[in-house]
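Here's a quick briefing to read with the model open beside you. Take a look at the fold, then work through the points below.

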Amino acid sequence: MTAPYARYRRAVAIPAGMAVATALAFLPNTVATAAEDVPAPTAAEAASFSYVVNVKPGHGTSAHVKKAVAKAGGTIVTSYDQIGVLVVHSSNADFAKTIRTVRGVQSAGATRTAPLPSASTGDLGAPKVLSAAEVAAADAPAGQDPLQPQQWDLAAIKADKAHEKTLGSKKVTVAVIDTGVDDTHPDIAPNFDRKASVNCVSGKPDTADGAWRPGAGESPHGTHVAGEIAAAKNGVGMTGVAPGVKVSGIKVSNPDGFFYTEAVVCGFVWAAERGVDVTNNSYYTDPWYFNCDNDPDQRALVDAVTRASRYAEKKGAVNVAAGGNENYDLASDEITDPSSPNDSTPGDRVVDPSKCLDIPTQLPGVVTVASTGAKGIKSSFSNYGLGTIDIAAPGGDSTAYQRPEAPATSGLILGTLPGGKWGYMAGTSMASPHVAGVAALIRSTHPHASPALVKALLYAEADATACTDPYDIDADGKIDAVCEGSKNRNGFYGWGIADALDAVTK
């Protein structure tokens, strides 16, 4: 199946009951509003680009490299000496080519193909928002939050049973590296970790109060993800997978919805320095869906994000990422990518996914998550691939393909939305936070476990799920994806479907 290609592929908007072979990726991208007081760029700024310059990690960038950056027409915005990554702005079109020749520079590349600030387009879709009447009419058995009967996904990973044992520890924090989190939401406020929250959009931490929130007109994506992970069990709205843990917001997408390398690097480093236990990454790093090692710019981006994610893991974080929504086989020999670069003029290119990486999804050490629907099989849109998918979890699907059991009515995933609302979304973006929540429960149960041990337990405790064969999700007589591997590990479900109950009992 071939998906319609848009800039973002970590969440999809699927109208319940609409038969679509794959789903349109969703992250709204809107122009910054006047209320955000964004100054108009000068002519010089409009021609300026952002770069990462990677040097040997250590005790500060050498004076030699700093002088070379300035000589090449660059201005250092910030430097992450602990991982050897500099964020630089320059209007010199040959900056990267020049700086790569400098002694001590290991790699360097442009983080975008459009000048600062980036171009913007219209919205791509919207979540299905519950009306006030629907929320008011919600009814649940004793001991459940009002909207929990609509959360078929909790039962699918036995989170409802896990909550009878524990809700998770307040000493555990999951960082949502995303579009921002509305910490004023009544389901998020009780569990929000302000000290671990920040705005990293520029590549440099902005710690102003509330800077981590999405602006007016910006995507609700991060807020939805945060609620899936840790919406409080407080008699209001819905319940998260780990409703007793803390959640923080690390905003890394700009007002146009782009997740650029400098912001992602900042996000991982911030999480590492704040002792975060788990990071959730429901995005890919723009502007390239796949970053190829034979391209010096793209290689530098992989280098920078790899350094940052490894640093976070070294500091104790388990990094969890969405597998993507194109129904791609990430273990295949080649994939046609028609969407890159997505911030200027995309064009078809054939890539080898073993050499051209979706980051952070395919980076070493990252837990890569596939999506399942209400019937427990691979979602129509979910990427897959033996050896690339580590684990699966509910991310939703069209009710035309996978309809949940009553009383649930939607095959999508319920989550929190800015402004005290709730609504449905679907995608591997929604699967990843389920796994992040289970990882948080494991860390709650095993507070001294290393990231490696948490991941080992996550995989060992997953419910082994055999390949769906044949996989004809739309019942049109044509095979929509081919699963390879055994019941214990395969391309659709990895080591299996996440199990929250085992996470708190074993």
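Helix α10 has 18 residues, and at 1.5 Å a residue they should span 26 Å; the end C-alpha atoms sit 26 Å apart, so expectation and model agree. Keep in mind that this is a predicted model. The same helix, α10, runs over residues 428-445 and carries S429, one of the positions that UniProt lists under "active site" in an unreviewed entry.

**Helix α10 and its surroundings**
- α10 is mostly covered, with 17 of its 18 residues buried.
- S429, in this helix, counts as buried because its relative accessibility is 0%, and the cut-off for buried is under 20%.
- Leaving aside residues up to four places away in sequence, V435 touches V320, V367, V369, I391, A392, A393, L458 and A498.

**The annotated site**
- The unreviewed UniProt entry gives D178, H221 and S429 as "active site".
- These residues are spread over 252 residues of sequence, yet they cluster in space, with a largest C-alpha distance of 10.1 Å.
- H221 belongs to helix α7, which covers residues 221-230.
- H221 has a relative accessible area of 0%, so it is buried too.
- What does the side chain of S429 make a polar contact with? Its partner is the side chain of H221, at 2.7 Å.

**Nonpolar cores**
- As a rule, nonpolar side chains in soluble globular proteins tend to be buried together.
- The largest nonpolar core here holds 61 residues, and the members touching the most others are V320, V367, V369, I391, V435, V438 and L458.
- Which helix gives the most to this core? That's α10, with nine residues.
- Another core, of 39 residues, lies apart from that one and includes I83, I250, F268 and W270.

**How far to trust it**
- The chain's pLDDT averages 90, and 89% of the residues score at least 70.
- Residues 15-46 are a weak stretch for confidence: pLDDT stays under 50 there, though the model has 92 contacts for them beyond four places in sequence.
- Residues 120-124 also stay under 50 in pLDDT, with 17 contacts beyond four places in sequence.

Methods:
Residues are numbered from 1 along each chain as its sequence is written. This is a predicted model: local features need pLDDT of at least 70, side-chain atom pairs count only at pLDDT 80 or more; totals for chains, interfaces and linings use all residues. Side-chain values use heavy atoms; hydrogens and water are left out. UniProt positions are given in the numbering used here, feature names are shortened, and annotations may be inferred rather than shown by experiment. Helices (H or I, at least four residues) and strands (E, at least two) are DSSP runs, numbered from the N terminus. Buried means under 20% relative accessible area, exposed over 50%, partly exposed in between (1.4 Å probe, protein chains only). A polar contact is a pair of N or O atoms within 3.5 Å; within protein, one must be able to donate a hydrogen and the other to accept it, and residues adjacent in sequence count only if both atoms are side-chain atoms. The expected span of a helix is 1.5 Å times one less than its number of residues. pLDDT is the predictor's confidence in each residue, from 0 to 100. Contact means heavy atoms within 4.5 Å. A nonpolar core is a set of buried Ala, Val, Leu, Ile, Met, Phe, Trp, Tyr and Cys residues joined through side-chain atoms within 4.5 Å.
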